[in-house]
Amino acid sequence: MRAIVIGSKEQVEECRQKLGDPIATEHAVTLSGRVWSGNEIVFDFVSTEDTIAHYSKINAGVIFTDSTFASVRSRTSLKNVFGFCGLPGFLNRPLLEVAVPSDGNRELLKSVCVKLSTPCQEVKDEPGLVTPRVIGMIINEAYFALETETASRHDIDLAMKLGTNYPYGPFEWAEKIGRPSLCRLLQTLQAHTQDDRYQVSKLLLRESESAKIG
């Protein structure tokens with residue numbers, strides 16, 4: 001079985017850490033011009049219109065596309081395409097969170113996850129999935145707390161790790177995920193749900209803009 005990653009070297013490495021041996025993971029800039037046996041698994045971290053349009057032309061077994069910012073169903077009707085979160089650190093976890101369209105081929109997904117030796121959790125095919133949505137809100141609330149000088153970054157991180165047993169504090173998570181991606185996630189969720197709970201903190205927004213410039 002071969003896992004082909006459409007994305008950066010860092011994303012290839014996260015797939016290797018998640019999949020391990022004997023899965024052979026390789027990096028590809030594009031899906032075109034490749035020979036497909038039908039057993040490949042594609043992890044598409046880029047999910048451009050070009051790669052999504054190309055899915056119907058290839059003979060891959062299962063395609064996982066980054067659905068953090070857009071549902072699978074809004075982009076393709078193929079039944080062997082599922083969503084995952086492509087933000088740093090969200091793939092390499094014990095449980096693979098998968099967005100499944102209502103008419104997705106669940107039996108195919110289950111069989112592939114067995115081959116990958118990873119349990120999967122099906123979630124509704126909506127932007128943000130579940131874990132990214134929750135963590136995004138936690139980070140945003142931490143920024144609101146910092147704005148009101150409730151506590152320092154260090155103290156907020158320490159309180160969340162010791163009090164909730166989280167692997168990272170909110171600001172450590174923000175650094176790992178990337179503030180521009182966090183802002184895009186929260187803005188996507190607010191537009192999708194029309195819920196002001198996802199309104200981005202002004203401080204997070206400023207830091208996101210600074211990160212883009214830097």
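**Entry 1. A term to settle**

I began with a term: lining residues are those with an atom within 4 Å of a point of the cavity or pocket. I also noted that the model is predicted. With that term I read off the residues that line the second largest pocket: Pro88, Gly89, Phe90, Arg93, Thr131, Ile135, Pro167, Tyr168, Trp173, Lys176 and Ile177. H4 and helix H6 (170-177) are the elements that give two or more residues to this lining. H6 supplies the largest share, three residues. I recorded a volume of about 170 Å³ for the second largest pocket. Sorted by class, its lining holds seven nonpolar, two polar and two charged residues.

**Entry 2. The chain as a whole**

I next turned to the whole chain and found eight helices and seven strands. The radius of gyration is 18 Å, and the globule rule gives 17 Å for 214 residues; these values are close, so the chain is as compact as a globular protein of that length. Along the principal axes, the C-alpha atoms fill a box of roughly 55 × 35 × 35 Å.

I then looked up how much of the chain is covered. Of the 214 residues, 48% are buried. The accessible surface comes to about 10,800 Å², and carbon and sulfur atoms account for 52% of that surface. I also checked contacts between residues at least 6 apart in sequence: 55% of these contacts join residues at least 24 apart.

**Entry 3. The largest pocket**

What volume does the largest pocket have? I noted about 340 Å³. This pocket is lined by 18 residues, and the closest to its centre are Phe45, Asp66, Phe69, Gly86 and Leu87. Helix H1 (9-19) and helix H7 (179-193) each supply at least two residues of the lining. Which element gives the most to this lining? I found that H1 does, with three residues. By class, I recorded six nonpolar, seven polar and five charged residues in the lining of the largest pocket.

**Entry 4. The enclosed space**

I looked next for cavities. The count comes to one cavity of 30 Å³ or more. The largest cavity holds about 50 Å³ of space. Its lining consists of Phe84, Cys85, Phe90, Leu91, Arg93, Leu96, Glu97, Leu129, Thr131 and Pro132. Strand S6 (96-100) and helix H4 (131-147) are the elements that give two or more residues to this lining. By class, the lining of the largest cavity has seven nonpolar, one polar and two charged residues.

I compared this lining with that of the second largest pocket. Phe90, Arg93 and Thr131 appear in both lists. H4 likewise gives two or more residues to the lining of the cavity, and H4 is also named for the lining of the second largest pocket.

**Entry 5. One residue, Ser71**

Finally, I looked up a single residue. Ser71 is found in the loop between strand S4 (62-66) and strand S5 (81-84). Is Ser71 buried or exposed? Its relative accessibility is 12%, and buried means under 20%, so Ser71 counts as buried. I then listed its contacts, leaving aside neighbours within four places in sequence. Ser71 is in contact with Asp125, Glu126 and Pro127.

Note on methods. Residues numbered from 1 in each chain as written. Predicted model: local features only at pLDDT ≥ 70, side-chain atom pairs only at ≥ 80, totals over all residues. Heavy atoms only, no water. 1 Å grid on protein atoms, 1.4 Å probe; cavity = no way out; pocket = protein on both sides within 12 Å on 5 of 7 lines; lining within 4 Å. Points joined across faces, edges and corners; volume = space filled by probe spheres on them. Helix = DSSP H or I, 4+ residues; strand = E, 2+ residues; numbered from the N terminus. Nonpolar A, V, L, I, M, F, W, Y, C, P; charged D, E, K, R; others polar. Rg over C-alpha atoms; globule rule 2.2 N^0.38 Å. Buried < 20%, exposed > 50% of the residue type's maximum accessible area, 1.4 Å probe, protein only. Contact = heavy atoms within 4.5 Å. Areas by Shrake-Rupley, 256 points an atom, 1.4 Å probe, with all protein chains shown as cover.
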